[in-house]
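Hi,

Here is the structure I promised to pass on to you. Please have a look at it, and then read on for what turned up.

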Amino acid sequence: MPKFSDISLILKSKGLFSLNMQYNKTHAAVCGLFCPACTVFIATQEDPKRLEVLAKQFGITIDEMKCYGCRSEKRIPYCDTCKMYPCAQEKGVDFCGECDNYPCEEIKNFQAAGAHRFELWEDQNYLKNEGFDKWMEKKIAYYSCSDCGIINSAYDFKCRSCGSKSSNQYVLKHGKNIIKFLAKHGTKLK
Ligand code: SF4
Ligand code: SF4
Ligand SMILES: [Zn+2]
């Protein structure tokens, strides 16, 4: 069984890995989100056009819009005000699911406020029970286009590379509810 660090190399060598990088805990959010499938992360890494559109949409500069992952030095302003990240650090846990107060009001409110957060509880459970490496491996496959292998966000209803409607399994599973959520609440970020 290869380790996660080997897996990203294997995927890359097969042309299945869109971002020219290896993932680590920097890209695994305290809240349980998978940063590589975040539209802001994708935009920062490999889609300047998307980054420009997002920056305009949120009324901030392109540099301010850039994010390199939950635990990185540079996050979007929204995540810079996040209470979960410093709270987890204070409590000495990597992910909220390991905390004695989980699920606290903070993460419950956060989970309910985004269409890309439907599976946060499952993710926290999986991280706790199966560990980070297995979770990361699973998430890469889960968010990859079944036709070309590129990672797409929860809001990419068509693959951003090949145009396939099987952009990722999250969209296939939750597509209708994502649309309903957006119609009710509008666009959310991470
Ligand atoms: S909301 Fe907080 S925990 Fe989640 S990705 Fe942003 S900074 Fe990280
Ligand atoms: S108190 Fe809440 S935000 Fe803080 S680490 Fe625990 S579950 Fe996460
Ligand atoms: Zn594709």
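The biggest contributor to the shell around ligand 2 is α6, which gives four residues. Both α6 (84-91) and α7 (105-112) supply at least two residues of that shell. If you would like to find the whole set, look for Met84, Cys87, Ala88, Lys91, Val93, Cys96, Cys99, Asn101, Tyr102, Cys104, Glu106 and Ile107. Sorted by class, the shell around ligand 2 holds nine nonpolar residues, one polar and two charged. Please keep in mind as you read that this is a predicted model.

Cys87 is a good residue to click on while you are there. Cys87 sits in helix α6 and is one of the residues around ligand 2. Is Cys87 buried or exposed? Neither quite fits: 17 other C-beta atoms lie within 10 Å of Cys87, so Cys87 is partly exposed. A residue needs 20 or more such neighbours to count as buried, and 12 or fewer to count as exposed. You can also follow Cys87 back to an earlier part of the chain, since Val30 is 57 residues away in sequence while the two C-alpha atoms are separated by 9.5 Å.

Tyr102, another member of the shell around ligand 2, has a feature of its own. The peptide bond that joins Tyr102 to Pro103 is cis, with omega at about -5°. Pro103 belongs to the loop between α6 and α7, the two helices named above for ligand 2.

Now to the other ligand. Ligand 1 has 11 residues around it, and those that come nearest are Ala29, Cys31, Cys70, Cys79 and Cys82. The classes in the shell around ligand 1 are nine nonpolar and two charged, with no polar residue.

Further along the chain there is a helix pair to show you. Helix α8 (residues 120-130) packs against helix α9 (residues 132-142) with the axes 7 Å apart and an angle of about 135° between them. Because of that angle, α8 is oblique to α9. On the α8 side the contact is made by Tyr126, Leu127 and Glu130, and on the α9 side by Phe132, Lys134 and Trp135. Four of the residues in this contact are nonpolar and two are charged, with none polar.

Which residues of α9 are buried? They are Trp135, Met136, Lys139 and Ile140. Looking down the axis of α9, you will see these buried residues fall within an arc of 135°, so they line one face of the helix. Trp135 thus appears twice here, in the contact with α8 and among the buried residues of α9.

One more residue for your tour is Glu52, in helix α3 (residues 48-58). Glu52 is partly exposed, because 13 other C-beta atoms lie within 10 Å. From Glu52 to Ile62 is 10 residues in sequence, and 6.0 Å in space from C-alpha to C-alpha.

Finally, the overall picture. The protein has 10 helices and zero strands, so to read the elements from the N terminus on is to read α-α-α-α-α-α-α-α-α-α. Of its 190 residues, 35% count as buried. Taking the contacts between residues at least 6 apart in sequence, 51% join residues at least 24 apart.

Happy exploring, and do write back with any questions.

Best wishes

Methods: Residues numbered from 1 in each chain as written. Chains lettered and ligands numbered in written order. Predicted model: local features only at pLDDT ≥ 70, side-chain atom pairs only at ≥ 80, totals over all residues. Near = placed C-beta within 6 Å. Nonpolar A, V, L, I, M, F, W, Y, C, P; charged D, E, K, R; others polar. Axes fitted to C-alpha atoms, helices over the stretch in contact; angles between N-to-C directions. Parallel < 35°, antiparallel > 145°, perpendicular 65-115°, else oblique. Contact = placed C-beta atoms within 7 Å. Arc of directions from axis to C-beta.
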